[in-house]
Amino acid sequence: MTTGFFSHDDYTRHVMAPDHPECPERLTSIISYLGQTGLDQTLDWVKPEEITRDQLLLAHPEGYLHQLELMQPTKGRVYTDPDTAMMPHTLRAARLAAGANIQAVDMVLSSQLTNAFVCARPPGHHAERSKSMGFCFYNNVALAAKRALNFHHLERVAIIDFDVHQGNGTVDIVGGDERILMCSSFQHPFYPHSHVHRQAENIINTPISAGESALNYRKIVEEAWLKRLQDFRPQMVLISAGFDGHKLDPLAELNLEADDYRWLTEMLASVARDHANDRIISTLEGGYHLKALAESVNAHLEVLSQIH
């Protein structure tokens, strides 16, 4: 039993714009750094397949899927919102990112893997049920949750989103679903300026002020999440792993470092150990300082790879 590492060369063919922060180099820097640390040798590398239409329909309506396909250009770029560009290879990459999450759920729940990290782009947690935004087209983590619940018949799944931007799309899709407990920390007030005050019982929003210390971040998050997660007793833990709360990240103003992501992963691993037979699937969201991103993912994966 090992940690699955899901990635695909076609993720790097999606390029939103020259010098855009959500760039192909995010993935290549992670993979290169894992090679430098030797952690790549401990992982089970999996090349994912595209998600199917029926699987996408678990979280997105047919009309939205059709609209995206109509918009995809054969050359150049079109913008689905002011921040989110689509080019000829975009939907292929997005289907592979979503497909990797489905495949990770299937392989972990069939005991082929202990846990998994999906090193994919485009990210997913800003994609609402019928709206692409924030660099996202399909909501990868919500699709993974629906797969675990509807296909594998789990009764309770936790989603933890520690990206610096709130996962509005995930809230939009899973809010009110009592089978899912979603815990989300994010800088506030900050993009996307929505869904912060959503009062669905299954959503725990944990806003963090700009400039907050890493020590206080840990205290706030542990107090807000740990007991609720333990009481919920999730049978699988899904992570929207955004590493843009790092103090070096150019898009945010929090003060986390790689060791803070290690601590977060250890806390979530303790919940998975107690209730979920160690079943964790983590999918990459944000993180835009290449060195900080690579170091943070490495710390995250060190914890996952030590779980047997």
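**Exercises on helix α7 and its surroundings**

In this predicted model, V271 is in contact with L226, L229, Q230, P234, V237 and A276, once its neighbours within four places in sequence are left aside.

**Exercise 1.** Determine where V271 lies and whether it is buried or exposed.

*Solution.* Begin with the placement: V271 belongs to helix α8. Next, take the relative accessibility, which is 1% for V271; since buried means under 20%, V271 counts as buried. As a further step, compare sequence with space for the pair V271 and Q306, which are 35 residues apart in sequence and 15 Å apart from C-alpha to C-alpha.

**Exercise 2.** Describe the geometry of helix α7, and list its buried residues together with what covers them.

*Solution.* Helix α7 runs over residues 214–232, and its 19 residues reach 26 Å from the first C-alpha to the last, close to the 27 Å expected at 1.5 Å a residue. The helix nevertheless has a kink of about 35 degrees, centred on E222, and just after α7 comes R233 with a positive phi of about 55 degrees. Its buried residues are A214, Y217, V221, W225, L229 and F232, and their cover includes the elements β6 (157–161), β7 (180–187), β8 (203–208) and α8 (258–275).

**Exercise 3.** Relate W225 to the largest nonpolar core.

*Solution.* That core has 96 residues, of which F162, W225 and M236 touch the most other members, while helix α4 (residues 90–109) gives the most to it, with 13 residues. Beyond four places in sequence, the contacts of W225 include I160, F162, C183, I204, L264 and M267, and also D161 and T206.

Terms used: Residues numbered from 1 in each chain as written. Predicted model: local features only at pLDDT ≥ 70, side-chain atom pairs only at ≥ 80, totals over all residues. Heavy atoms only, no water. Core = buried A, V, L, I, M, F, W, Y, C linked by side-chain atoms within 4.5 Å. Buried < 20%, exposed > 50% of the residue type's maximum accessible area, 1.4 Å probe, protein only. Helix = DSSP H or I, 4+ residues; strand = E, 2+ residues; numbered from the N terminus. Contact = heavy atoms within 4.5 Å. Expected span 1.5 Å × (residues − 1). Bend = angle between axes of the 7 residues up to and from the residue.
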